[in-house]
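Visitor: I have not seen this structure before. Could you take me through it step by step?
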Amino acid sequence: MVEQVRSYLEQHQDRFVKELTDFLKIPSVSADSTLNSETRRGAEFVLKQLEKAGIESQIIETAGHPIVYGAWKKAEGKPTVLVYGHYDVQPPDPLDQWITPPFEPDIRDGHIYARGATDDKGQMYTHIKSVEAWMKTHGELPVNVVFVIEGEEEVGSDNLDRFLEENKDLVTCDIAVVSDTSQYAPGIPAITYGLRGILACEVIVQGPSQDLHSGVFGGAVMNPGNGLAKMIAALHDNEGRVQIPGFYDGVIELQPEERAQFAALPFDEAKFMSDLGVNAVSGEADFSTLERRWARPTCDVNGMISGYTGEGPKTIVPAESRVKISCRLVPGQDPVALTKALEQYLRAQLPTGLTMEFVDFHGCNALVFDFNSPYMSAAKTAIEQSFGAAPVMIREGGSIPVVETFQTVVGVETLLLGWGQNTDNLHSPNERFALEAFRQGTLASALLWHELAGVTV
């Protein structure tokens, strides 16, 4: 059975690349309302491809961009797999840094370059094509499959959450599959079994009712820029530990087995620094760089604005200063409670003479999955057979809120199976996806359906 599927994938690979090229030409930027019709065209493309693969599908309208839903549920007694992906993409700016236009896909050096190549059109498309291969060669799938492909991942997925809450009967499943992460490195496939959570906010510190002449008024009133700088400096001690009261309460520490796994991964710290253009790594003492990136909580300034920022001097005491802050969280931390703790701590640091406004943006919990579950074992086998190497088990420092939603609303864990690389310029100019990774990912997806069919439900 599997060999017929392999043969089909090999015979049609060139067509798959051509179809992906057509998909990437669609500027489905969900954040840009002037491109709403193009974003919808992205949904219609996905619908057509699912139907072509033999999956009964429909476009479901939302208050924003539509969701494409498809399902095949004829494998009695077999697991049901929910495949999630998104057809919307990030804005392509800055355009002048693209070698070729972001929505004119270009194949060079074994990669396809375009906005959305890896995040997430290329990776998501592997699952549609793997289903097609099974349906065209056998007329059925080894497992039941549900597709939920949304158009708002890059703007918060608000309508997806509502859809999942209101349509639990449509999305009932045993395991979810998401390909929106990465391999560990070229030639080293990976399964991501943990994600950090997040909280994000903005702090606005206000002083005088308008900007003041620093010569006339400086030293007589509190400067919001100076005050905010002191507040931000108080977030960490000299050892890099976050000083928000209760920040580390409940943190679930890495197990010795996990630390040993991370330590065994090939990691060149000197190259890491060189690639990032830094001359030193930093963070909590007694933790490795990988541990800091994947499994330790953080508190970071994402942006600061204060006073005059144009060319040349302007000697003022600014009327206000702003900072955007995010904290990456690990299992055991509560984003709601820590958001309140952060606000209270910053208010306690607020200098006399200033007022403070706190804006809570969003948050989600960290997640860690059982990397010895039968679903994980099935994924490991499928990936090793496709990529020719056993996947390593890693965590990811970023957050994927929908994965938490699957756990809390649908009640299932998620297989995070990334085919791309962290160096594929996601969210940046010259985004790309290796054609070989596209081929291997499609085969791995096809083999996954076969392996999951052996899991008892």
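Visitor: Which residues does the UniProt annotation "domain: Peptidase M20 dimerisation" cover?
Guide: The model shown here is predicted. The annotation comes from an unreviewed UniProt entry. In that record, the stretch given for the domain is residues 193-351.

Visitor: How much of the chain over residues 193-351 is helix, and how much is strand?
Guide: The C-alpha atoms at the two ends of this stretch are 43 Å apart. Over residues 193-351, the chain is 33% helix and 21% strand.

Visitor: How many helices and strands does the protein chain have, and how does its radius of gyration stand against the globule rule?
Guide: The secondary structure of the protein chain comprises 15 helices and 18 strands. For 457 residues the globule rule gives 23 Å, and the chain is close to that value, so it is as compact as a globular protein of that length. The radius of gyration of the chain itself is 24 Å.

Visitor: What does the C-alpha trace span along its principal axes?
Guide: The span is taken for the C-alpha trace of the protein chain, along its principal axes. It comes to about 80 × 50 × 45 Å.

Visitor: What share of the residues is buried?
Guide: A residue counts as buried when its relative accessible area is under 20%. The protein chain exposes about 19,800 Å², and carbon and sulfur atoms supply 49% of that area. Of the 457 residues in the chain, the buried share is 54%.

Visitor: Among contacts between residues at least 6 apart in sequence, what share joins residues at least 24 apart?
Guide: The count concerns contacts within the protein chain, and it starts from pairs at least 6 apart in sequence. Of these, the share joining residues at least 24 apart is 79%.

Visitor: Which residues make the nonpolar surface patch, and is Val-221 buried or exposed?
Guide: The patch has an area of about 250 Å² and is made by Val-216, Phe-217 and Val-221. Val-221 lies in the loop between α7 (214-217) and α8 (224-233). Its relative accessibility is 38%, so Val-221 counts as partly exposed.

Visitor: How many salt bridges does the structure hold?
Guide: Side chains of opposite charge can pair when their charged atoms come close. In this structure the number of salt bridges is 26.

Visitor: Which parts does the salt bridge between Lys-52 and Glu-19 tie together?
Guide: The side chains of Lys-52 and Glu-19 meet in a salt bridge of 2.8 Å, N to O. The two residues are 33 apart in sequence, so the pair ties together helix α3 (residues 36-52), which holds Lys-52, and helix α2 (residues 13-24), which holds Glu-19.

Visitor: Which of these two residues is buried?
Guide: Lys-52 has a relative accessible area of 35%, so it is partly exposed. At 7% relative accessibility, the residue that counts as buried is Glu-19.

Visitor: Which residues are linked with Glu-19 and Lys-52 in a network of salt bridges?
Guide: Glu-19 and Lys-52 belong to a network of salt bridges. The other members are Arg-15, Lys-129 and Glu-132.

Visitor: Where do Lys-271 and Asp-275 lie?
Guide: Lys-271 forms a salt bridge with Asp-275, with the closest N and O atoms 2.8 Å apart. Lys-271 is partly exposed at 48% relative accessible area, while Asp-275 is exposed at 52%. The two are four residues apart, about one turn of the helix, and both lie in helix α10 (residues 269-276).

Definitions and conventions. Residues numbered from 1 in each chain as written. Predicted model: local features only at pLDDT ≥ 70, side-chain atom pairs only at ≥ 80, totals over all residues. Heavy atoms only, no water. UniProt positions renumbered as here; feature names shortened; annotations may be inferred. Patch = residues over 30% accessible without salt bridge, like charges linked within 9 Å, V, L, I, M, F, W, Y side chains within 5 Å. Areas by Shrake-Rupley, 256 points an atom, 1.4 Å probe, with all protein chains shown as cover. Salt bridge = Lys/Arg side-chain N within 4 Å of Asp/Glu carboxyl O. Buried < 20%, exposed > 50% of the residue type's maximum accessible area, 1.4 Å probe, protein only. Rg over C-alpha atoms; globule rule 2.2 N^0.38 Å. Contact = heavy atoms within 4.5 Å.
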